[in-house]
Each structure stands twice: as C-alpha cells, then as structure tokens.
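User: I've got this model open at the bench and would like to go through it piece by piece. Can we start once it's on screen?

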Amino acid sequence: MSKLTNRYAVVTGAAKGIGRAIAERFLADDVAGVALFDMDEALVQQTALELDPTGERVIAIKCNVADQENVNAAMATVTEKFGRIDILVNNAGITRDAMFHKMTDAQARMVLDVNFYGTFYCCQAVIAGMREREYGKIINISSTSAFGNIGQTNYAASKAAIDGFTRTLALESARKNITVNSIAPGMIETDILKTIPEDIMKTKIANVPANRLGQPSEIASVASFLASDDSSWVTGNTILACGGLKMRG
Ligand SMILES: NC(=O)c1ccc[n+]([C@@H]2O[C@H](COP(=O)([O-])OP(=O)(O)OC[C@H]3O[C@@H](n4cnc5c(N)ncnc54)[C@H](O)[C@@H]3O)[C@@H](O)[C@H]2O)c1
C-alpha cells in the first residue's frame, strides 16, 4: 500500500505547471486513477500521454472550470470511468494584472470566474458523492497574493475568497470525513510568472528568504500530504508553501 492506493483524483489546470506536477506526484503515490482537466485540449492530451503512455491510470478532459455545465459534464465522465472521485484539486488559475485604477471590469470578472467560481463549481459537482460515501479530500490552490500584492486586486480577492470558502466548506464537511484545505504557493517557476517583467522578478526573488524560485514539485509534495490519510486531522487550513516569503510580509 502506498499513500494513494485505491484513490481516484481530479486535478484541474493539469496540462502544465503546478497541476501537472500534482498529477505526476499522485501517480508516484500509486493513485488508482487521475483525471486531468484543462482548457488547453491539445496540451492536456499530450500531458496525459507523457504521464501514462498506457492510458490505464490517466484521462485527459477538456474542461473550462468557469463554465458550470462544462464542469458537471466533465465530472460525470470521470465518475463513469473511475466509479467515484475521492480527491479533488482545484488548481486551474489565471492572472490579469493591472493597477486597480486601470483595472477593467472584464479583468476582474475573468479572474474571479476562473479562480473562485471554478473552485466553487468543481466542489459542488463532487460534494454530494463525497458526503454519501463519507470520504473526500479537497485541496484548493490559493496564493500568498491573498494577503495583498500590488497589481493584483482581482487575483488577491479571488484567492482570499478561496481561503474563506475552504474554511467554511471544511466546517460543513468535517462530520462526513471530508477534509478541505488550501495551499498558498509563492513564487513557483511556471509560465504564470512569465508576464512579470524581468527587473521586477529579480527584486521578487531577492525578497524570498530561500533566494530562489520554488519548483512545482514542491507544491505537489504538500498536495500529496493533503490528499492522503496522513492529513486526516488537518482541515480548514491554508498551508503556506513559499520558501519563507510571507515572514517578510
Ligand atoms: N506559479 C506561482 O508562482 C503561483 C503562486 C501562487 C499560486 N499559484 C496558483 O497555482 C495554480 C497553478 O498555476 P501555475 O503557476 O501552474 O500556472 P500555469 O499557467 O503554468 O498553469 C495553469 C493551467 O491552468 C489552465 N487553465 C487556465 N484557465 C483554465 C480554465 N478556465 N479551465 C481549466 N483550465 C484552465 C491552463 O491552461 C494551464 O494549463 C493557479 O491557481 C495559480 O493561481 C501559482
């Protein structure tokens, strides 16, 4: 028996970056099956093939998490294939940065739609089954930006919303043996950071006590803990995984 033997998982935004690393780690933990959801159909198919060339344990599904009908259909496909969903990782997320005085309504809504409503819709699609079976592990990917970050009023609001949602769903679900936690990564080396200008990146890295960027695998290891029964007494938490960044405010 390994950490996730006999468990079935869904990871959203899993075509690349942190989501892909989480799916890869779950496979190493002997997960019975993992469904990769992503908007980018070609990339998610390619990722699935790279992670499991046999296609026995990995399925790729094109899904826009901001669209509730799309989410419900994708979850139904997973349930049909796997029989149930034990672990849900709400990882899909976007940024549309701008100073608040220049931010448009569209930028704000797009980020809330994907980051917050995506999480909300995915949880709503799986929670009834988890309650019925009295087992579930929900992991929401937040961000250190939830504490505040210049140029990210929209993103910070979406991630702070996820943290409040996480604690409340944890309270409502605890009696049903479902744990709900979030992870707040900071400065992980993925494509999402590519929109940040180089000079600002240098300053940001210098501000990390570890003096480097984090790797997606360093978030995946936290997700692995929260997805396993090692974390059975851990619920309603936001785990900071940021190389000590938040100690500097
Ligand atoms: N990289 C960091 O430093 C960092 C820090 C804090 C939090 N995060 C969070 O981690 C999560 C993953 O980010 P990443 O750095 O791996 O980013 P990434 O851009 O490398 O990957 C994000 C993935 O999500 C997918 N996606 C975007 N919108 C989607 C939608 N509507 N439906 C389904 N899939 C969608 C993308 O196609 C992509 O494959 C995000 O929630 C992000 O906010 C990242």
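User: Where is the place of Ser173?

Analyst: Quick ground rules first: this is a predicted model, where local features need pLDDT of at least 70, side-chain atom pairs count only at pLDDT 80 or more, and totals for chains, interfaces and linings use all residues. Residues are numbered from 1 along each chain as its sequence is written, and side-chain values use heavy atoms, with hydrogens and water left out. Helices (H or I, at least four residues) and strands (E, at least two) are DSSP runs, numbered from the N terminus. On that basis, Ser173 sits in helix H5.

User: Is Ser173 buried or exposed?

Analyst: The cut-offs are these: buried means under 20% relative accessible area, exposed over 50%, and partly exposed in between (1.4 Å probe, protein chains only). Ser173 comes in at 1% relative accessibility, so it counts as buried.

User: Which backbone oxygen does the side chain of Ser173 reach?

Analyst: Contact here means heavy atoms within 4.5 Å. Leaving aside neighbours within four places in sequence, Ser173 is in contact with Ile127, Arg131, Ile178 and Val180. Its side chain also reaches a backbone oxygen at 2.6 Å, and that oxygen belongs to Leu169.

User: Where is Tyr135 found, and with which side chain does the side chain of Tyr135 make a polar contact?

Analyst: Tyr135 is in the loop between H4 and strand E5 (136–141), and it is buried, with a relative accessible area of 12%. A polar contact is a pair of N or O atoms within 3.5 Å; within protein, one must be able to donate a hydrogen and the other to accept it, and residues adjacent in sequence count only if both atoms are side-chain atoms. Leaving aside neighbours within four places in sequence, Tyr135 is in contact with residues including Arg7, Asp86, Met130 and Ala227. The polar side-chain partner, at 2.7 Å, is Asp229.

User: How many Å apart in space are Tyr135 and Thr179?

Analyst: In sequence, Tyr135 and Thr179 are 44 residues apart. In space, C-alpha to C-alpha, the distance is 8.4 Å.

User: Which residue has its backbone nitrogen 2.8 Å from a polar atom of the side chain of Asp86?

Analyst: Asp86 belongs to the loop between H3 and strand E4 (87–90), and at a relative accessible area of 2% it is buried. Leaving aside neighbours within four places in sequence, its contacts include Asn6, Arg7, Met130 and Tyr135. The backbone nitrogen in question is that of Tyr8.

User: What phi does Glu134 have?

Analyst: Glu134 is in the loop between H4 and E5. At 42% relative accessibility it counts as partly exposed. Although Glu134 is not a glycine, its phi is positive, at about 55 degrees.

User: Is Met187 buried or exposed?

Analyst: Met187 also has a positive phi of about 55 degrees without being a glycine, and it lies in the loop between E6 and helix H6 (198–206). With a relative accessible area of 14%, Met187 is buried.

User: Which element gives the largest share of the largest nonpolar core?

Analyst: A nonpolar core is a set of buried Ala, Val, Leu, Ile, Met, Phe, Trp, Tyr and Cys residues joined through side-chain atoms within 4.5 Å. The largest one has 34 residues, and those with the most contacts inside it are Val10, Phe37, Met75, Val78, Leu88 and Ile138. Elements that each supply at least two of its residues include strand E1 (8–12), helix H3 (68–82) and helix H5 (153–173). The largest share, 9 residues, comes from H4.

User: And the ligand: how many residues surround it, and how much of it does the protein bury?

Analyst: A residue counts as near the ligand if one of its heavy atoms lies within 4 Å of it; 27 residues surround the ligand, the closest being Asp38, Asn91, Tyr155, Ile188 and Thr190. An oxygen atom of the ligand is 2.4 Å from an N or O atom in the side chain of Thr190, and an oxygen atom of the ligand is 2.7 Å from a polar backbone atom of Ile188. Accessible areas come from the Shrake-Rupley method with a 1.4 Å probe, and for residues only the protein chains shown count as cover. Taken alone the ligand exposes 830 Å², and the share of that buried by the protein is 92%.
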